[in-house]
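Trainee: Could you take me through one part of this model up close? I'd like to start from a single residue and work outward from there.

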Amino acid sequence: MKCAINAFREAIGGDYVLTDRHKTKAYRTGYRSNAGECLAVLRPGTLLEMWRLLQIAVGYDFNILVQAANTSLTGGSTPLDSYDHDIVIINTCRLNKIHIINNGTQVICHAGSTLHKLEEQLRPVGRVPHSVIGSSCIGASVIGGICNNSGGALIERGPAYTEHSLFARIEKSGNLVLENHLGVSLGSAPEEILSKLENHDYGGEAIQQSVGMTSDHEYKDWVRNVNAPTPARYNADERRLKGASGCAGKLAIFAVRLDTFPQNATEQTFFIGSHDEKEFTKLRRTILMSFSELPVSAEYIDREAFKFTESYGLDIIYLIRLLGTHRLPIFFKIKETLSSKLDSLPLLKPGLIDRFFIILGRLAPNPISISIRKIAHRYEHLLILKVKGGSFEKTLDFLHNHKNQGNLDFHLCSQGETKIVELHRFAVAGAAVRYQTIHSSTVGDLLALDIALPRNTTEWKEHLVPELDQQIAHKLYYGHFMCQVFHQDYILKAETDSTKIKAAMLKNLEARGAKYPAEHNVGHFYKAESALSNHYMSLDPKNQFNPGIGNTSPKRYYED
């Protein structure tokens with residue numbers, strides 16, 4: 001193995017080849033999963049360096065895991081401990097270049113470029129990326145979204161998708177090949193292609209037009225079909241499994257080409273509360289069936305999740321406001337490093353740093369306005385509905401009419417209130433994780449599901465049978481309401497069997513026609529449906545990239 005490590009060091013420099021377990025832990029550990037082992041973490045600084053690392057790894061017949069920000073919630077960008085070959089992690093975060101093309105209507109994003117950086121670079125030209133909520137706050141990469149068919153909070157845009165990418169794959173014979181599907185003429189040899197792309201050494205004449213989809217422009221019609229018996233979007237949807245899209249790391253992606261979107265001239269946000277799920281169902285179906293313009297977003301959160309986040313997530317809101325989203329990933333890395341060291345000390349309780357920041361958040365003034373809190377504490381179901389253009393008056397009429405009937409209440413948010421309440425919604429998932437961490441001695445596991453209900457579902461609220469319900473300490477429901485994609489976090493009671501509970505939950509969801517996972521991908525937590533596992537095997541027949549994903553075999557050629 002020393003020969004391989006020396007070859008990696010010669011290719012990219014010793015400072016970017018990590019072998020010490022303490023230094024590699026952050027790359028081996030998922031947000032909700034334990035750390036596997038790896039031979040080394042490799043951090044290339046150019047696309048050509050990444051290609052050379054792949055050549056070396058393939059030459060030594062190593063397993064290869066390509067990751068960027070490693071924000072995965074289901075462990076799909078971290079290694080297992082059951083491989084039959086050593087695995088190396090190639091972290092692409094240094095490969096963060098973005099090329100704006102076609103007068104700002106499209107971009108080419110390199111392997112480690114982030115949503116936040118893309119948003120910043122598009123702002124001067126009046127454009128925005130596919131995703132701007134939630135994931136951009138924790139440093140998520142553009143390509144990570146494509147690999148997982150994730151995203152969809154912004155209603156018109158659907159899941160992250162493109163048919164244009166530049167990637168390496170390993171053939172069944174073991175040969176490493178580079179395939180250019182960017183729709184940009186860059187030459188023929190891998191070294192030439194990667195060098196030209198790295199240096200933006202191509203003009204407008206090299207860019208082909210109208211050669212395939214660079215976003216899911218069909219989704220805005222798909223989501224409107226509220227009588228369809230299938231979900232609007234989910235990870236295993238065969239319509240959106242093509243090449244890099246949905247590959248979950250079964251290819252080594254160097255770059256993707258994507259559409260950008262015009263910035264809305266005006267946006268208004270309503271914070272809505274109701275006790276009756278039928279009122280939200282009426283609102284959803286009315287908007288999707290009869291409004292000429294779709295809303296910008298519609299984020300659901302139930303009362304327990306809202307109040308839970310007030311107790312365990314307000315500091316996250318303050319941190320984002322204080323540090324800005326571009327500094328937050330650095331803060332999280334520092335915090336995780338310190339937490340790992342402190343948690344290893346026998347006399348200290350787990351989650352010491354989280355406890356400290358939670359207390360600070362509680363001591364600080366509540367950033368959520370009184371008007372919003374009154375509705376949030378009174379009503380069981382809450383909706384953050386953002387609309388644009390002519391939809392404002394129609395939405396206002398609907399809400400006034402139903403408010404007068406006593407079925408709901410709403411508040412028209414200011415710009416400042418909108419930012420805060422959106423951050424509050426984003427903080428729910430982190431609040432659940434932190435609660436389970438600091439109360440690990442008194443509660444059981446955290447079971448986190450993300451599901452997609454059929455578009456024709458009208459009774460979307462979950463009702464658990466008593467024998468399941470009594471094993472759960474806290475239930476948090478939140479999600480993207482117009483497409484009926486929900487995140488369901490269950491903090492289990494102590495000494496409960498999370499495996500059995502999860503199996504029962506998934507069985508109930510199947511009976512309701514739900515698909516899972518909806519947008520976080522299968523990772524190591526879910527079994528891939530046949531369409532998805534077939535996609536993986538067609539891309540990577542030797543099973544050398546990210547083996548074991550979706551509970552597929554971790555062995556060469558998928559032998560088991």
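Mentor: Let's start with Glu 49, which sits in helix 3, the stretch covering residues 47-59. Keep in mind as we go that this is a predicted model. Glu 49 counts as buried because its relative accessibility is 18%, and the cut-off for buried is under 20%. What does Glu 49 touch, once you set aside residues up to four places away in sequence? Its contacts are Ala 11, Ile 12, Pro 44 and Arg 94. Take Ala 11 from that list: Ala 11 and Glu 49 are 38 residues apart along the chain, yet their C-alpha atoms are separated by 6.6 Å.

Now for the sheet. Four strands make up an open sheet, in the order 1-2-4-3, with mixed pairing. Strand 1 (17-18) and strand 3 are at the edges with a single partner strand each, so each has one side left without a neighbour in the sheet. Walk across with me. Strand 1 and strand 2 run antiparallel and are joined by 2 bridges; here Leu 18 has Val 41 of strand 2 as its bridge partner. Strand 2, residues 40-42, then runs parallel to strand 4, with 3 bridges joining them. Val 41 turns up again here, standing opposite Ile 89 in strand 4. On to strand 3, residues 63-67: this strand is also parallel to strand 4, and 5 bridges join the two. One partnership to look for there is Gln 67 with Asn 91 of strand 4.

Strand 4 deserves a slower look. Is strand 4 mostly covered or mostly open? Mostly covered: across residues 87-91, 5 of its 5 residues are buried. Ile 87, Ile 89 and Asn 91 point one way, while Val 88 and Ile 90 point the other way, and all of them are buried.

There's an aromatic link in this part of the chain too. The structure holds 19 aromatic pairs. Among them is Phe 8 with Phe 62, a tilted pair at 6.3 Å centre to centre with 40° between the planes. Phe 8 lies in helix 1 (residues 2-12) and Phe 62 in the loop between helix 3 and strand 3, so this pair ties together parts that are 54 residues apart in sequence. Phe 8 is buried, at a relative accessible area of 0%, and Phe 62 is buried as well, at 3%. For another tilted pair, go to Phe 308 and Tyr 435, at 5.0 Å centre to centre and 55° between the planes. Phe 308 is in helix 9 (residues 303-312) and Tyr 435 is in helix 16 (residues 428-438), so here the parts tied together are 127 residues apart in sequence. Both Phe 308 and Tyr 435 are buried. If you want a whole group of rings, Phe 280, Tyr 300, Trp 460, Phe 481 and Phe 486 form one aromatic cluster.

Working outward, have a look at the loop between helix 5 (142-147) and strand 8 (165-170), where you'll find Ser 150. Ser 150 is buried, with a relative accessible area of 16%. Leaving aside neighbours within four places in sequence, Ser 150 is in contact with His 130, Gly 144, Gly 145, Pro 159, Ala 160 and Glu 519.

What about backbone oddities? The loop between helix 18 (498-511) and helix 19 (530-539) holds Pro 517, and the peptide bond from Tyr 516 to Pro 517 is cis, with omega near -10°. Asn 521 is in the loop between helix 18 and helix 19 too. Asn 521 has a positive phi of about 70° although it is not a glycine, and at 2% relative accessibility it counts as buried. In the segment after helix 19, Tyr 558 has a positive phi as well, near 65°. Tyr 558 is buried, at 15% relative accessible area. A glycine example is Gly 324, just after helix 10, with a positive phi of about 85°.

Let's finish on the surface. Phe 356, Ile 359, Leu 360 and Leu 363 form a nonpolar patch there, with about 430 Å² of accessible area together. Leu 360 belongs to helix 12, residues 352-363, and is partly exposed, with a relative accessible area of 41%.

Technical notes. Residues are numbered from 1 along each chain as its sequence is written. This is a predicted model: local features need pLDDT of at least 70, side-chain atom pairs count only at pLDDT 80 or more; totals for chains, interfaces and linings use all residues. Side-chain values use heavy atoms; hydrogens and water are left out. Patches are made of residues with over 30% relative accessible area and no salt bridge: like charges are joined within 9 Å, nonpolar side chains (Val, Leu, Ile, Met, Phe, Trp, Tyr) within 5 Å. Accessible areas come from the Shrake-Rupley method with a 1.4 Å probe; for residues, only the protein chains shown count as cover. A salt bridge is a side-chain nitrogen of Lys or Arg within 4 Å of a carboxyl oxygen of Asp or Glu. Buried means under 20% relative accessible area, exposed over 50%, partly exposed in between (1.4 Å probe, protein chains only). Contact means heavy atoms within 4.5 Å. Two strands pair if DSSP finds at least two bridges between them. Rings of Phe, Tyr and Trp (its six-membered ring) pair if their centres lie within 6.5 Å; planes under 30 degrees apart count as stacked, over 60 as edge-to-face and the rest as tilted.
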